[in-house]
Amino acid sequence: MSKNLGITLGLIMVAVIGLGLLVALDDRGGAPAAPDGSADPQAAPTAPAGLLVREDSRHLDRVEEAPVTVVEFLDFECEACRAQFPVMERIREDYDGRINTVIRYFPMPGHTNAEPAAAAVEAAAQQGALEQMYVRMYETQAEWGESQDSKAEVFVGFAEDLGLDTEEFVRAVEDPATLERVRSDFRDGVALGVRGTPTIFVNGRPTPSMPGYETLSAMIDRELEG
């Protein structure tokens with residue numbers, strides 16, 4: 001092996017190792033670690049409140065002077081979000097009347113119908129049917145998700161099933177302001193360091209990836225008791 005070739009191969013190995021380290025750090029999400037090496041949500045800095053919840057953010061549950069607010073950045077076409085959905089619904093049921101729950105739209109670019117689905121949920125919210133359309137999206141995700149074809153007509157069918165004014169619904173979906181509303185949530189998520197979905201915050205503290213019920217309830221309980 002020539003000296004130059006050896007140097008070149010050495011530089012390539014250094015670059016590969018460095019790239020692997022960057023990927024590993026990125027996968028950890030930058031969350032502080034507990035002494036046992038696991039992510040410690042309580043040690044993580046709190047996210048800026050102004051980016052987490054805006055005046056126009058959509059609340060699934062709003063409680064006056066609630067001491068805890070749970071915020072989820074989600075993608076209705078994301079299978080992981082669908083898997084997280086039952087946990088979030090159980091949290092909402094068990095903490096009903098005690099906490100705020102807020103959803104923020106974060107449609108991932110690789111999902112063809114994620115942004116249209118978010119626009120459909122936002123359009124339904126304008127007719128007072130946020131929760132109904134939110135639930136419908138997850139209950140039917142297997143029917144329309146992961147498709148490269150537009151499912152806009154499917155979402156109109158959902159609006160009709162929910163008894164919404166479909167003409168008003170379509171106008172809202174097609175209104176540039178609705179799309180901007182979705183994209184503004186996405187921009188806030190990017191500013192907060194959100195890299196994927198679901199990403200959940202409890203009083204501004206990021207949870208571990210896809211937190212189970214016990215993990216999420218423990219974080220909420222600490223905030224309620226504090």
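User: Where does M210 sit?
Analyst: In this predicted model, M210 is placed in the loop that runs between β5 and α10, the helix of residues 213-225.

User: OK, and what's its phi like?
Analyst: M210 is not a glycine, and yet its phi is positive, at about 45°. As background, most residues other than glycine have a negative phi.

User: How accessible is M210, then?
Analyst: Its relative accessible area is 35%, so M210 counts as partly exposed, a class that lies between the cut-offs of 20% for buried and 50% for exposed.

User: What about E65, which phi does that one have?
Analyst: The phi of E65 is near 60°, which is a positive value in a residue other than glycine. E65 is found in the loop between β1, residues 58-61, and β2.

User: Is E65 buried or exposed?
Analyst: E65 is exposed, because its relative accessible area is 73% and the cut-off for exposed is over 50%.

User: Switching to strands: which strands pair with β4?
Analyst: β4 is joined to β2, residues 68-74, by four bridges, and these two strands run antiparallel. β4 is also joined to β5, residues 205-206, by two bridges, again in an antiparallel arrangement.

User: Which residues stand opposite each other there?
Analyst: On the β2 side, V71 has F201 of β4 as its bridge partner, while on the β5 side V202 stands opposite R205.

User: How many residues are between β4 and β5?
Analyst: There are two residues between β4 and β5, which together form a hairpin, and N203 in the turn has a positive phi of about 50°.

User: And the faces of β4, which residues are on each side?
Analyst: T199 and F201 are on one side, with I200 and V202 on the other, and since all of them are buried, both faces of the strand are covered. That pattern fits a general point, which is that in a regular strand the side chains alternate between the two faces of the sheet.

User: What is special about the peptide bond between T197 and P198?
Analyst: The bond that joins T197 and P198 is a cis peptide bond, with an omega of about -5°, and P198 lies in the loop between α9 and β4. For context, most peptide bonds are trans.

User: What lies 9.3 Å from T197?
Analyst: E79 does, measuring from C-alpha to C-alpha in the model, although E79 and T197 are 118 residues apart in sequence. E79 lies in helix α3, residues 79-94, and at 54% relative accessibility it counts as exposed. Leaving aside neighbours within four places in sequence, E79 is in contact with Q141 and E146.

User: Now helices. At what angle do α4 and α9 pack?
Analyst: α4, residues 114-125, and α9, residues 176-191, pack at an angle of about 110°, and their axes are 9 Å apart. The two helices are therefore roughly perpendicular to each other, because angles from 65 to 115 degrees are put in that class. Their crossing is right-handed.

User: Which residues meet there?
Analyst: From α4, E115, A118, A119 and E122 meet T178, L179, R181, V182 and R183 of α9. By class, this contact has four nonpolar, one polar and four charged residues.

User: And P107, where is that?
Analyst: P107 lies in the loop between β3, residues 99-105, and α4, and it counts as buried because its relative accessibility is 9%. Apart from neighbours within four places in sequence, P107 is in contact with L74, D75, A114, E115, V182 and F186. P107 and D185 are 78 residues apart in sequence, yet their C-alpha atoms are 9.4 Å apart in space.

User: How do α7 and α8 pack?
Analyst: α7, residues 152-161, and α8, residues 166-174, pack at an angle of about 140°, with 9 Å between their axes. That angle makes α7 oblique to α8, and the crossing is right-handed. In this contact F155, V156, A159 and E160 of α7 meet T166, F169 and V170 of α8, and the residues divide into five nonpolar, one polar and one charged.

User: Last one: how many residues of α5 are buried?
Analyst: Seven of the 10 residues of α5, which covers residues 130-139, are buried, so this helix is largely enclosed by the rest of the structure. The buried residues are L130, M133, Y134, V135, R136, M137 and Y138.

Definitions and conventions:
Residues numbered from 1 in each chain as written. Predicted model: local features only at pLDDT ≥ 70, side-chain atom pairs only at ≥ 80, totals over all residues. Heavy atoms only, no water. Buried < 20%, exposed > 50% of the residue type's maximum accessible area, 1.4 Å probe, protein only. Pairing = 2+ DSSP bridges. Axes fitted to C-alpha atoms, helices over the stretch in contact; angles between N-to-C directions. Parallel < 35°, antiparallel > 145°, perpendicular 65-115°, else oblique. Left-handed = near helix turned anticlockwise from the far one by under 90°. Contact = heavy atoms within 4.5 Å. Nonpolar A, V, L, I, M, F, W, Y, C, P; charged D, E, K, R; others polar.
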